[in-house]
Amino acid sequence: MKPENKKGFVYQQTFLARLIFIGVLFLIGIVITRFLIPIDITTISMFASMIVGTLIGTYLANVIFKSGDLIEEKSESLEDLVQDTIEKGKDFIEDIKTKDLEKEVEVKDENEAPEGEQKSARERLKDKGLL
């Protein structure tokens with residue numbers, strides 16, 4: 001590899017280069033394992049599963065590395081964003097509390113006024129002419 005080339009053996013390579021590198025690596029590992037342990041442990045499905053899992057892992061690692069770099073670059077703006085979100089949440093909770101208190105006061109006012117004007121059941125029946 002040339003010194004100015006930033007690509008590694010697996011990291012930042014194209015899909016085909018990753019597939020070939022990982023496939024050859026696992027093929028060598030399986031051949032060595034077959035000579036050391038003569039039992040038929042490794043099969044084609046295990047070989048394919050290991051390659052696919054490793055490929056998916058390399059792409060996940062790439063995403064994690066890039067997101068880590070992005071978080072480091074924008075850490076100050078992220079802190080401000082989190083603080084703003086927390087403040088908005090506190091304001092929202094206070095608004096909900098004040099609305100609940102206003103509703104409770106209105107409900108109490110509505111309930112208190114009719115209680116003084118109510119007639120007894122006997123008087124209501126007399127008014128209707130049932131007694």
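This is a short tour of two helices, a nonpolar surface patch and a salt bridge.

The model is predicted, so local features need pLDDT of at least 70 and side-chain atom pairs count only at pLDDT 80 or more, while totals for chains, interfaces and linings use all residues. Residues are numbered from 1 along each chain as its sequence is written, and side-chain values use heavy atoms, with hydrogens and water left out.

**Stop 1: helix 2.** Select residues 44–73, which form helix 2 (helices are DSSP runs of H or I, at least four residues, numbered from the N terminus). Its end C-alpha atoms are 44 Å apart, in agreement with the 44 Å expected for 30 residues at 1.5 Å a residue (the expected span is 1.5 Å times one less than the number of residues).

Now pick out I51, L55, T58 and N62, the buried residues of this helix (buried is under 20% relative accessible area, exposed over 50%, partly exposed in between, with a 1.4 Å probe and protein chains only). Their cover includes helix 1, residues 15–36 (contact means heavy atoms within 4.5 Å).

**Stop 2: the nonpolar patch.** Show F15, L16, L19, I20, V24, I28, I32, L36, I37 and Y59 as surface: they make a nonpolar patch of about 940 Å². Helix 1 gives the most to this patch, with 8 residues. Y59 lies in helix 2 and is partly exposed at 33% relative accessible area.

**Stop 3: the salt bridge.** Finally, select D127 and K119, whose closest N and O atoms are 2.8 Å apart in a salt bridge (a side-chain nitrogen of Lys or Arg within 4 Å of a carboxyl oxygen of Asp or Glu). The structure holds 1 salt bridge. D127 is exposed, at 53%, and K119 is partly exposed, at 45%.

Technical notes
Helix = DSSP H or I, 4+ residues; strand = E, 2+ residues; numbered from the N terminus. Patch = residues over 30% accessible without salt bridge, like charges linked within 9 Å, V, L, I, M, F, W, Y side chains within 5 Å. Areas by Shrake-Rupley, 256 points an atom, 1.4 Å probe, with all protein chains shown as cover.
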